[in-house]
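Dear colleague,

I am passing on the structure below, together with some notes that I hope you will read alongside it. Please look at the sequence and the coordinates first, and then compare them with what follows.

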Amino acid sequence: AKEGGRNSFRFFEAAMDANAMRTLTLGVAIRGALENREFSLVYQPIIDTRTHRAVAVEALLRWHSPDHGTVPPDHFIPLLEENGLIVPVSRWALREALRQVRAMQEAGQPELRLAFNLSSRQFRDVGLLQDVTAALDELDFTPRLLELELTESALMDNPEASAAVLEALRTHGIRMAVDDFGTGYSSLAYLMCFPVRTLKIDRSFVHGMEHSHEAATIVRAIASLAGSLGLEVIGEGVENLAQLALLQELGCHQVQGFLFSRPLPAAELPPPFNNREQH
Ligand code: C2E
Ligand code: CA
Ligand code: CA
Ligand code: CA
């Protein structure tokens, strides 16, 4: 037994080494990724179930490495944050997204919103406001059709600084959303101190709702409080009709998930796109 224990410990060590090695080689590979045009964006529609229209698309970053294949954002975003490349990569991504969504607006969806993710590191970057407003200007994009998504923990890292940055963005007409809502520890009342327009209910609640009375109760509470405060609520990660029906019943009318569409490259989003009946 002792022998086996030692072997499995060795095995564990070896696995750790392999992981550390992979992180290291990924970290090296990602340094050239922006120059080598290895990043791209995909878009996932956000649908209003009352009108069956896409009200927004969320831009999601992809990395296709020639050596490592397609690396998931949950692996490479932390690397970009560590080496500081998140700022230039995101600067590129915002322009690319503004340009592509601008084209979607011109194709017949003038009010289509772009939802764009910010990491906590970018949120602390002093150049953020200047970067974003310059990009909006350059691409002639209506500020109120841009919604920046930030997680609760990014907001809570430094609540006072957050409030100031958010207020400045709001003054420019840019909207803010709290992403993965419900996974942090802040109270909704506290969050109300920030000028946010939208709450995105984390998909763990959406998935939990069907089987857990507690999850459903939480979603109902979020939807009703947000509704009375004039906030918009988006249910994330909707995969089936039961989840959709429950969200609607609980008062959440904006949804996003594989049931409607996986995130797709701009060119692969279906043509009318804003008028598609879903089944
Ligand atoms: P997120 O912002 O919460 O994005 C939603 C994630 O849920 C996406 O994963 C999306 O593909 C996935 N998703 C959408 N619908 C469904 C569904 O019905 N079921 C399931 N199981 N998943 C669904 P993705 O693209 O892998 O992105 C993961 C995370 O990486 C994002 O979570 C976001 O935090 C981060 N991320 C992605 N792109 C960017 C970016 O450009 N900048 C920053 N800072 N973060 C990004
Ligand atoms: Ca998001
Ligand atoms: Ca989310
Ligand atoms: Ca997330």
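The two calcium ions, ligand 3 and ligand 2, are 4.0 Å apart, and Asp-179 coordinates both of them. Please keep in mind throughout that this is a predicted model.

I will take the calcium ion (ligand 3) first. Its protein donors are Asp-179 (OD), Asp-180 (OD) and Glu-236, the last listed with two OE entries, and they lie 2.2 to 2.4 Å from the ion. Along the sequence the donor residues of this ion are spaced D-D-x55-E. Because Asp-179 belongs to strand S6 (residues 175-181), whereas Glu-236 sits in the loop between strand S8 (232-235) and helix H11 (241-249), the pair ties together parts of the chain that are 57 residues apart in sequence. As for accessibility, Asp-179 is buried, with a relative accessible area of 7%, and Glu-236 also counts as buried, at 11%.

The calcium ion (ligand 2) is coordinated by Glu-58 (OE), Asn-117 (OD1), Glu-149 (OE) and Asp-179 (OD), at 2.1 to 2.3 Å. The donors of ligand 2 follow the spacing E-x58-N-x31-E-x29-D along the chain. Here, too, distant parts of the chain are linked, since Asn-117 lies in strand S4 (residues 113-117) and Asp-179 in strand S6, 62 residues apart. Asn-117 has a relative accessible area of 25%, and it is therefore partly exposed, the limit for a buried residue being under 20%.

Turning from the metal sites to the helices, which residues make the contact between H3 and H5? The axes of helix H3 (residues 86-106) and helix H5 (residues 128-138) come within 10 Å of each other and cross at roughly 30 degrees. Since angles under 35 degrees count as roughly parallel, H3 is described as roughly parallel to H5. The crossing of the two helices is right-handed. On the H3 side the contact is made by Arg-91, Leu-94, Arg-95 and Leu-98, and on the H5 side by Asp-131, Val-132, Ala-134, Ala-135, Leu-136 and Glu-138. Divided by character, the residues of this contact comprise six nonpolar and four charged ones, with no polar residue among them.

If you open the model at one place only, I would suggest Asp-179, which bridges ligand 2 and ligand 3.

With best wishes

Definitions and conventions
Residues numbered from 1 in each chain as written. Chains lettered and ligands numbered in written order. Predicted model: local features only at pLDDT ≥ 70, side-chain atom pairs only at ≥ 80, totals over all residues. Heavy atoms only, no water. Axes fitted to C-alpha atoms, helices over the stretch in contact; angles between N-to-C directions. Helix = DSSP H or I, 4+ residues; strand = E, 2+ residues; numbered from the N terminus. Parallel < 35°, antiparallel > 145°, perpendicular 65-115°, else oblique. Left-handed = near helix turned anticlockwise from the far one by under 90°. Contact = heavy atoms within 4.5 Å. Nonpolar A, V, L, I, M, F, W, Y, C, P; charged D, E, K, R; others polar. Donors = N, O, S within 2.8 Å, 3.2 Å for Na, K, Ca; no water. Buried < 20%, exposed > 50% of the residue type's maximum accessible area, 1.4 Å probe, protein only.
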